[in-house]
Amino acid sequence: MGSDVVGFQTTISRSISLSGIGVHSGENVSITFHPADPDTGIVFNRHLPCGDVISVRAVSSQVGSTDLCTLLGKAPDRSVATVEHLMAALYALSVDNISIDIDGSEVPIMDGSAAVFIEAFDNAGLINHPVKRRYIRVIKPVRIEMGGSWAEFSQHNGTRFEIDIDFESPLIGRQSWKGEVTADTFRRELARARTFGFMRDVERLWASGHALGSSLENSVVIGDDDKVINVEGLRFRDEFARHKTLDAVGDLALAGAQFIGCYRSYRGGHKLNAMALRALLADQTAYEVVEAPARRDTVRHGELVAVNAAAFAPWAL
């Protein structure tokens with residue numbers, strides 16, 4: 001288990017750009033990441049064809065739709081969709097502050113995983129700000145249920161995810177991924193896990209204006225015979241559970257700060273993740289905001305001390 005946490009806020013050391021297709025819109029999208037000042041957080045700047053720029057903070061209060069992906073913003077022309085894979089990469093690498101220019105309605109899907117984003121940020125490198133980082137530490141359980149699904153936060157001296165999925169498809173069935181999420185474990189075990197879907201759902205999704213950019217290059221596709229259509233097959237035997245964990249990491253990154261605790265879910269998805277996060281943040285007795293007591297690059301979890309939460313609530317912005 002990773003025993004240390006980062007004591008200072010970070011940003012990337014230089015600007016970097018990527019381009020790709022939007023998995024739902026089918027449009028070509030360019031996205032550029034810029035270093036940002038301390039306490040900026042993660043901000044998407046959507047550049048509209050008319051020349052206007054709409055800025056949306058990547059925080060829980062800005063979550064709009066959670067159908068098929070996580071969308072930030074309350075109106076279609078003022079939103080950015082499919083942020084979860086990018087947010088997972090930023091969370092795993094502990095990037096606190098970054099300004100993101102995007103010229104489309106959704107983050108490009110790349111290969112359907114977070115691997116391209118991890119590689120880009122690794123190549124750019126990170127720098128520390130001389131400003132302390134703050135964490136959200138879970139201090140009592142918070143649980144929600146939705147039909148046959150549930151999710152809960154509990155106390156834990158680290159950042160742990162325990163994600164269980166259960167599909168009727170015999171190819172998937174019941175799978176789980178459990179572990180501490182650190183930069184190293186994310187790179188090794190989660191970053192390359194791709195989004196997936198069933199061929200039988202394609203026509204319905206197309207009719208509703210979704211999955212217009214989906215292909216075998218950016219999705220694992222399961223055929224009517226319950227076999228993977230992709231020629232290269234799966235990257236992991238349990239790639240489906242690993243991808244659902246990747247999604248959960250990205251969705252919980254919208255807390256606006258790293259969290260210390262354990263997140264468990266059964267048959268979850270973007271909607272359940274968003275509901276669980278809102279439930280945690282709505283209960284001020286369930287968490288405390290903590291930071292390092294001294295100016296050091298890394299500190300032990302047990303050394304973190306509580307600070308004034310009222311002065312630090314980015315999720316409410």
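**Cores, helices and internal spaces of the predicted model**

Phenylalanine 121 is in contact with Ile12, Ile16, Phe33, Leu86, Ala89, Leu90, Leu93 and Ile98, when residues up to four places away in sequence are left out of the count. The structure described here is a predicted model. In the largest nonpolar core, which holds 76 residues, Phe121 is one of those that touch the most other members, together with Phe33, Phe44, Leu86, Phe161, Phe186 and Tyr263. Helix α1 gives the largest share of this core, 7 residues. A second core, separate from that one, has 7 residues, among them Val5, Val290, Ala292 and Val299.

Valine 29 is part of strand β4, which covers residues 28–35. With a relative accessible area of 1%, valine 29 falls under the 20% limit and is therefore buried. Apart from residues up to four places away in sequence, valine 29 touches Leu18, Ser19, Gly20, Gly22, Ile102, Asp103, Gly104, Glu106 and Pro108. One of these contacts, serine 19, is 10 residues away along the chain, and the C-alpha atoms of the two residues are separated by 5.5 Å.

Two helices, α5 and α6, were examined for length and burial. The 14 residues of α5 should span 20 Å at 1.5 Å a residue, and the end C-alpha atoms of α5 are 20 Å apart, in agreement with that value. Of the 14 residues of α5, 13 are buried, so this helix is largely enclosed by the rest of the structure. Helix α6 comprises 13 residues, 270–282, and reaches 18 Å from its first C-alpha to its last, close to the expected 18 Å. The buried residues of α6 include His270, Leu272, Asn273, Ala274, Ala276, Leu277, Leu280 and Leu281. In an α-helix there are 3.6 residues a turn, so residues three or four places apart point the same way.

Leucine 280 belongs to α6. Its relative accessible area of 1% is under 20%, so leucine 280 counts as buried. Leaving aside neighbours within four places in sequence, leucine 280 is in contact with Val138, Val142, Phe153, Ala286 and Tyr287. The C-alpha atom of leucine 280 is separated by 32 Å from that of alanine 211, a residue 69 places apart from leucine 280 along the chain.

Alanine 211 lies in the loop between α4 and β15. Although not a glycine, alanine 211 has a positive phi of about 60°. At 10% relative accessibility, under the 20% limit, alanine 211 is classed as buried. Aspartate 39 also has a positive phi, near 65°, and is likewise a residue other than glycine. The place of aspartate 39 is in the loop between β4 and β5. A relative accessibility of 56% is over 50%, so aspartate 39 counts as exposed.

The largest pocket has a volume of about 1100 Å³. It is lined by 43 residues, of which Leu68, Thr195, Phe196, Gly197 and Leu205 are the closest to its centre. At least two lining residues are supplied by each of α1 (84–92), β14 (196–198), α4 (202–207), β15 (220–222), α5 (239–252) and α6. The largest share of this lining, 4 residues, comes from α4. By residue class, the lining of the largest pocket consists of 17 nonpolar, 16 polar and 10 charged residues.

A search of the whole structure finds 3 cavities of 30 Å³ or more. The largest cavity has a volume of about 80 Å³. Its lining is formed by Ile163, Asp164, Ile165, Lys244, Asp247, Ala248, Ser265, Gly268, Gly269, His270 and Asn273. Strand β12 (159–166), α5 and α6 are the elements that give two or more residues to this lining. The lining of the largest cavity divides into 3 nonpolar, 5 polar and 3 charged residues.

The second largest cavity holds about 60 Å³ of space. The residues that line the second largest cavity are Ser60, Val63, Thr70, Asp251, Leu254, His270, Ala274, Leu277 and Arg278. Helix α6 provides the largest share of this lining, 4 residues. In the second largest cavity, the lining residues comprise 4 nonpolar, 3 polar and 2 charged. His270 appears in the lining of the largest cavity and in that of the second largest cavity.

Technical notes
Residues are numbered from 1 along each chain as its sequence is written. This is a predicted model: local features need pLDDT of at least 70, side-chain atom pairs count only at pLDDT 80 or more; totals for chains, interfaces and linings use all residues. Side-chain values use heavy atoms; hydrogens and water are left out. The expected span of a helix is 1.5 Å times one less than its number of residues. Buried means under 20% relative accessible area, exposed over 50%, partly exposed in between (1.4 Å probe, protein chains only). On a 1 Å grid over the protein atoms alone, a cavity is a set of points where a 1.4 Å probe fits but cannot get out, and a pocket is an open set with protein on both sides within 12 Å along at least five of seven lines; lining residues have an atom within 4 Å of a point. Grid points are joined across faces, edges and corners, and a volume is the space filled by probe spheres set on the points. Ala, Val, Leu, Ile, Met, Phe, Trp, Tyr, Cys and Pro count as nonpolar, Asp, Glu, Lys and Arg as charged, and the others, Gly among them, as polar. A nonpolar core is a set of buried Ala, Val, Leu, Ile, Met, Phe, Trp, Tyr and Cys residues joined through side-chain atoms within 4.5 Å. Contact means heavy atoms within 4.5 Å.
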